[in-house]
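The questions below ask how a descriptive word is earned. Each answer sets a computed value beside the rule for that word and then draws the conclusion.

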Amino acid sequence: MVILMTQGATLPTIPRLSIRTPILTYHDVIPTRSARSLWFDCSVAELREQLTWLKVRGAKFVSIDQIRDHLTGKKLLAQGSVAVTFADNYEGFYKRGWPIIKQMGIPVAMFVHTGFVGNQQGRPKMTWAQLKELQQSGLVTVCSQTVSHPTDLRKMTDSEMWRELVESKRAIETEIGRPCQYLAYPNGVFDDRCAKMAAAAGYRLAFTEKLSPAEGSPNLLMINRYVHTKYRQAWKDSNPKSPR
């Protein structure tokens with residue numbers, strides 16, 4: 001049945017737009033950087049410094065809903081817009097990142113692998129209660145990153161992938177109480193089959209980790225994002241005339 005739903009399917013395209021908008025993705029927010037920190041970690045000081053660096057240069061932080069409206073041609077963004085996303089539902093965001101985000105008034109998307117919500121092993125994950133609190137703040141949009149965060153969606157069968165996409169979406173809608181329209185591919189790994197499956201599952205946008213402005217994405221189910229360590233490149237690529 002899933003194969004029939006995706007066979008011959010075409011993915012929604014992005015209109016030709018002159019604006020260039022970078023989308024950043026962060027992961028865990030840690031107290032301070034040390035030799036044991038991973039590449040995707042961002043310290044409290046680094047997070048504040050990076051967001052301030054962008055703001056000083058005129059960045060206008062926009063929500064994922066505004067990205068959707070822009071990329072579908074419904075309501076275009078201004079030059080200098082930047083979107084911020086977080087991956088993996090780390091409790092470090094709630095404890096250390098959220099106070100900064102809230103103070104600066106920056107809208108963010110939080111991508112969650114629903115099978116690990118509330119898990120305290122390894123790096124603790126946020127609970128549904130915490131995620132609901134964030135969603136109700138009006139600054140955070142809770143989105144899907146599948147159920148189990150598989151290493152490579154491309155290696156899954158159709159039925160396995162369908163479960164990852166549909167059950168995570170259903171869990172978020174049940175627990176958070178609002179439609180879940182956005183997906184991030186775990187590890188940024190995807191192919192045409194994954195994208196078509198995501199569209200069939202009801203996602204309106206899906207995000208990769210290709211380092212390029214959003215408007216240059218192949219379609220709405222393969223939207224480019226920069227890892228946070230490339231924030232300066234992201235700004236330069238989108239605003240080449242801006243002071244460095």
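Q: Why is Asn187 called partly exposed?
A: In this predicted model, Asn187 has a relative accessibility of 40%. Buried would require under 20% and exposed would require over 50%, so the value for Asn187 falls in between and the residue counts as partly exposed. Asn187 lies in the loop between β8 (182-184) and α7, and it has a positive phi of about 65° although it is not a glycine.

Q: What makes Asp88 buried?
A: The relative accessible area of Asp88 is 7%, and the word buried is used for values under 20%, so Asp88 is called buried. Its place is in the loop between β5 and α4. Asp88 also has a positive phi, of about 80°, although it is not a glycine.

Q: How do you know whether Asp69 counts as buried or exposed?
A: Asp69, which is found in helix α3 (residues 64-71), has a relative accessibility of 15%. Because the limit for buried is under 20%, Asp69 counts as buried. Leaving aside residues up to four places away in sequence, Asp69 touches Lys74 and Lys75, where touching means that heavy atoms lie within 4.5 Å.

Q: What makes Leu38 partly exposed?
A: Leu38 has a relative accessible area of 38%, and a residue is partly exposed when its value is neither under 20% nor over 50%, so Leu38 receives that name. The residue is placed in the loop between β2 (29-30) and β3 (42-43). When residues up to four places away in sequence are not counted, Leu38 touches Arg33 and Arg123. The C-alpha atoms of Leu38 and Met104 are separated by 26 Å, with their positions 66 residues apart along the chain.

Q: Why is Glu160 called partly exposed?
A: Glu160, a residue of helix α6, has a relative accessible area of 38%. That is not under 20%, as buried requires, and not over 50%, as exposed requires, so Glu160 is partly exposed. From C-alpha to C-alpha, Glu160 and Leu38 are 30 Å apart in space, and they are 122 residues apart in sequence.

Q: Why are α6 and α7 called oblique to each other?
A: The axes of helix α6 (residues 158-176) and helix α7 (residues 192-200) come within 10 Å and cross at roughly 50°. Roughly parallel would need an angle under 35 degrees, and roughly perpendicular begins at 65, so the two helices are oblique. The crossing in which α6 passes α7 is right-handed. Asp158, Met161, Trp162 and Leu165 of α6 make the contact with Arg193, Cys194, Met197, Ala198 and Ala200 of α7, and these residues divide into seven nonpolar, no polar and two charged.

Q: What makes α2 roughly parallel to α4?
A: Helix α2 (residues 44-56) and helix α4 (residues 91-104) pack with their axes 9 Å apart and at an angle of about 25°. Since angles under 35 degrees count as roughly parallel, that word applies to α2 and α4. Here too the crossing has a hand, for α2 passes α4 in a right-handed way. The residues in contact include Leu47 and Leu51 of α2 and Ile100 and Ile101 of α4, and by class the contact has six nonpolar, three polar and three charged residues.

Q: How do you know that β5 is largely enclosed by the rest of the structure?
A: In strand β5 (residues 81-87), seven of the seven residues are buried, so the strand is described as largely enclosed. Ser81, Ala83, Thr85 and Ala87 point one way, while Val82, Val84 and Phe86 point the other way, and all are buried.

Q: Why are β1 and β5 said to pair?
A: Two strands pair if there are at least two bridges between them, and four bridges join strand β1 (residues 23-26) to β5, with the strands running parallel, so the rule is met. In β5, the bridge partner of Thr25 is Thr85. The rule is also met by strand β4 (residues 60-62), which three bridges join to β5 in a parallel run, and there Lys60 stands opposite Ser81.

Definitions and conventions
Residues numbered from 1 in each chain as written. Predicted model: local features only at pLDDT ≥ 70, side-chain atom pairs only at ≥ 80, totals over all residues. Heavy atoms only, no water. Axes fitted to C-alpha atoms, helices over the stretch in contact; angles between N-to-C directions. Parallel < 35°, antiparallel > 145°, perpendicular 65-115°, else oblique. Left-handed = near helix turned anticlockwise from the far one by under 90°. Nonpolar A, V, L, I, M, F, W, Y, C, P; charged D, E, K, R; others polar. Buried < 20%, exposed > 50% of the residue type's maximum accessible area, 1.4 Å probe, protein only.
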